[in-house]
Amino acid sequence: MAQIELDLAHAYRANPQRDEDYALLPLKMSFRDGGAYALLGPSGCGKTTMLNIMSGLLTPSQGTVRFDGADVTRQTPQQRNIAQVFQFPVIYDTMTVADNLAFPLKNRRVPAAEIRERVGRIAEMLEMSHQLDLRAAGLSADQKQKISLGRGLVRSDVSAVLFDEPLTVIDPHLKWQLRRKLKQIHHELKLTLIYVTHDQVEALTFADEVVVMSRGRAVQVGTAEALFERPEHTFVGHFIGSPGMNFLPAHGVDGGVRVLDRVLPVAGRALPATELRLGIRPDYLDLGRPDEVGTLPARVTRVQDIGTSTMLTCEAGGHALKVRLPAERLAPSEGDTVYLRLIDTHTCFYQDERLIP
Amino acid sequence: MQLTLEQVGKTVGPDIHLHPLDLALVPGAVTVLLGATQAGKTSLMRVMAGLDRASSGRVLVDGRDVTRASVRERDVAMVYQQFVNYPSMTVAQNIASPLKLRGETDIDRRVHELAARLHIDPFLSRLPAELSGGQQQRVALARALAKRAPLMLLDEPLVNLDYKLREELRDELGALFAAGDSTVVYATTEPGEALLLGGYTAVMDAGELLQYGPTAEVFHAPRSIRVARAFSDPPMNLLTAEAVAEGVRVAGGGAWPVALPPDAPRALVLGVRAGALRPQARPGDVALAGRVELAEIAGSDTFVHLHSPVGELVAQLRGVHNLDLGTPLTLHLDPGQIFIFDAAGPLLRAAQRTQTGGRG
């Protein structure tokens, strides 16, 4: 296992001039030995480029990759001792489950007794002990992907295990099990795990720290809690949470902010007298009494029963706002006017898309 | 348009893909086909479209038997998981193609209108290959909408898109379906997606249609353990129990004062949705003590996996809860929030739905 340090940039074209020419803008990042990390972002944000640079599938156009201080920039994945799990199962159909799991160990000439012990342990963790003698060919796509995960985790001597969207082909129910297994395996084996995904639930639940990426940049690195509670950038506010943070244009005034035609008092802090954006998550946006001081009136345009909660879509001054209410709360009806409590301890203010601390 | 399936079944060689089923789709509304991979969603859609012929039963469109009519003889628009567009045509030409086929006038205006609704109007002169996956799928959707077919079939149309894009497009599609008058069938594996789309839901499992009704109704009153399992994410906690004088006795736990219907059998299964479990007790609650196996913080919620004498439980707690592995934790539950099933499967009593005007 290794601490991984990146100090690099990558462009797929020669002589990059502008920001857009870079798949990864110049960055410095460090991944702790034994940590679980997720690289999260939309298609084209650079997360797979970063993963491929760590694995050695791709050489960065500038800068270095270090494992425990040693420069490995030009080493292959084999030389770096990296295990990888991809989106679709990569296994040998004609082999048994046990032989598939043992394959990476046999390749490294691990003694037979140790192989048996290790394969047995991984199979048990993944609840595949009863399937060890079955041929992989007869298994479902879900089961095959479990073998792929097992193959990635079977070696104890790897520098890191890299996962590229490993749960894409898995049905929702099995996802719950596998996420939990991965987490438990991480606790037990203390491997360095790096996980690429566009799925925030997978990223937030899997990783100790999530790297949120956009357009070749790491916008924020933080715990699930930090990304949810205090997004440092409006992109993170929007991207994390489902639906994302609500934003409204605001202007700092004496003692508060002006939002649309209302002045809302903000206690305990002074905001700059300039154009701002107010951000509040649907989960924290609450309804006040009619004409309550400090609220913004809005019209309810849609009410959705989404099972454990009720989702309201509201409209104020041409802006759409989402409100998530607990299911047991009496919800307003479409067309009703509601009074939104925009100012709360969870409210964030942004200047030039950056969080005002 | 009224699409009715009567005892429609599909077998391929020795394999049963669809057990004979009856289904009358609510006209002009969206029907979500919900089920895991291999549940029979795609098989059913292909029969609805006329791409495959049913092995048994009849398919009726507005009362007319179309069982033997091919897809070309039916007025159907389809959208698949994989984006299907004409690669050599521009985005505008792709969207215009069904309009031209129908000999419509005013094609330019319609193309612009549809493109604007799906936010692809800046790309009208580009080729599909020059667009991102999400944009290509929007083109495919615009083409399907342009066709204005009375029946629109969408087979997991968002599955290959990014999570966030999926969320935005799902929201837009929900509004488009509600505004249009097509009968829409939308297949998904995700319970959350069905709830967000609303309309009606048909729950499928292993080639069987298990329940059809308004989406919220099916969610809140699943007819059987199988439906409850298919329509819960996080998975529903299922506890083995038996009927006793004071209510129910949970295997591995105590007796709970749960009111049972008069004809309840002895062997029961109790269903508890993850969101019904709380760390704070309220008067009248029953308690479940255990040890934290894992706490997954997902931002707005924390998913707590609890190891307890009654089995493994998953709780969905609002907000961020930092709980270390092995921490003892007691969760509380309003007995009214329990789904009571006959151990053989059928629902005996659904969880109560209480709404209050109080602050949450």
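This passage describes the domains, the interchain contacts and one strand pair of a predicted two-chain model.

Local features are reported at pLDDT of at least 70 and side-chain atom pairs only at pLDDT 80 or more, whereas totals for chains, interfaces and linings use all residues. Residues are numbered from 1 along each chain as its sequence is written, and chains are lettered from A, and ligands numbered from 1, in the order in which they are written.

Chain A contains 9 helices and 21 strands, where helices (H or I, at least four residues) and strands (E, at least two) are DSSP runs numbered from the N terminus. The C-alpha trace of chain A spans about 75 × 50 × 35 Å along its principal axes. Of its 357 residues, 44% are buried; a residue is buried if 20 or more other C-beta atoms lie within 10 Å of its own, exposed if 12 or fewer, and partly exposed in between, with C-beta atoms placed from the backbone. Contacts are counted where the C-beta atoms of two residues, placed from the backbone, lie within 7 Å. Among contacts in chain A between residues at least 6 apart in sequence, 65% join residues at least 24 apart.

Domain bounds were taken from an automatic or database domain assignment. In chain A this gives domain 1 (4-235) and domain 2 (244-355), with centres over C-alpha atoms separated by 38 Å. Between these domains, 6 residues of domain 1 are in contact with 10 residues of domain 2. The contacting side of domain 1 comprises 1 nonpolar, 2 polar and 3 charged residues (nonpolar: Ala, Val, Leu, Ile, Met, Phe, Trp, Tyr, Cys and Pro; charged: Asp, Glu, Lys and Arg; polar: the others, Gly among them). For chain B the assignment gives domain 1 (3-222) and domain 2 (234-349), and their C-alpha centres lie 37 Å apart.

Between the chains, 36 residues of chain B are in contact with 38 residues of chain A. On the chain B side, two or more residues each come from helix 5 (163-179), helix 6 (191-197), helix 7 (215-220), strand 15 (286-297) and strand 16 (301-308). Helix 5 of chain B gives the largest share, 4 residues. By class, this side has 15 nonpolar, 15 polar and 6 charged residues.

Strand 15 of chain B also pairs with strand 18 of chain B, in the antiparallel sense and over 6 bridges; pairing requires at least two DSSP bridges between the strands. Side chains alternate along strand 18 (residues 328-333). Leu329(B), Leu331(B) and Leu333(B) point to one face and are buried, while Pro328(B), Thr330(B) and His332(B) point to the other and are not. His332(B) stands opposite Ala287(B).
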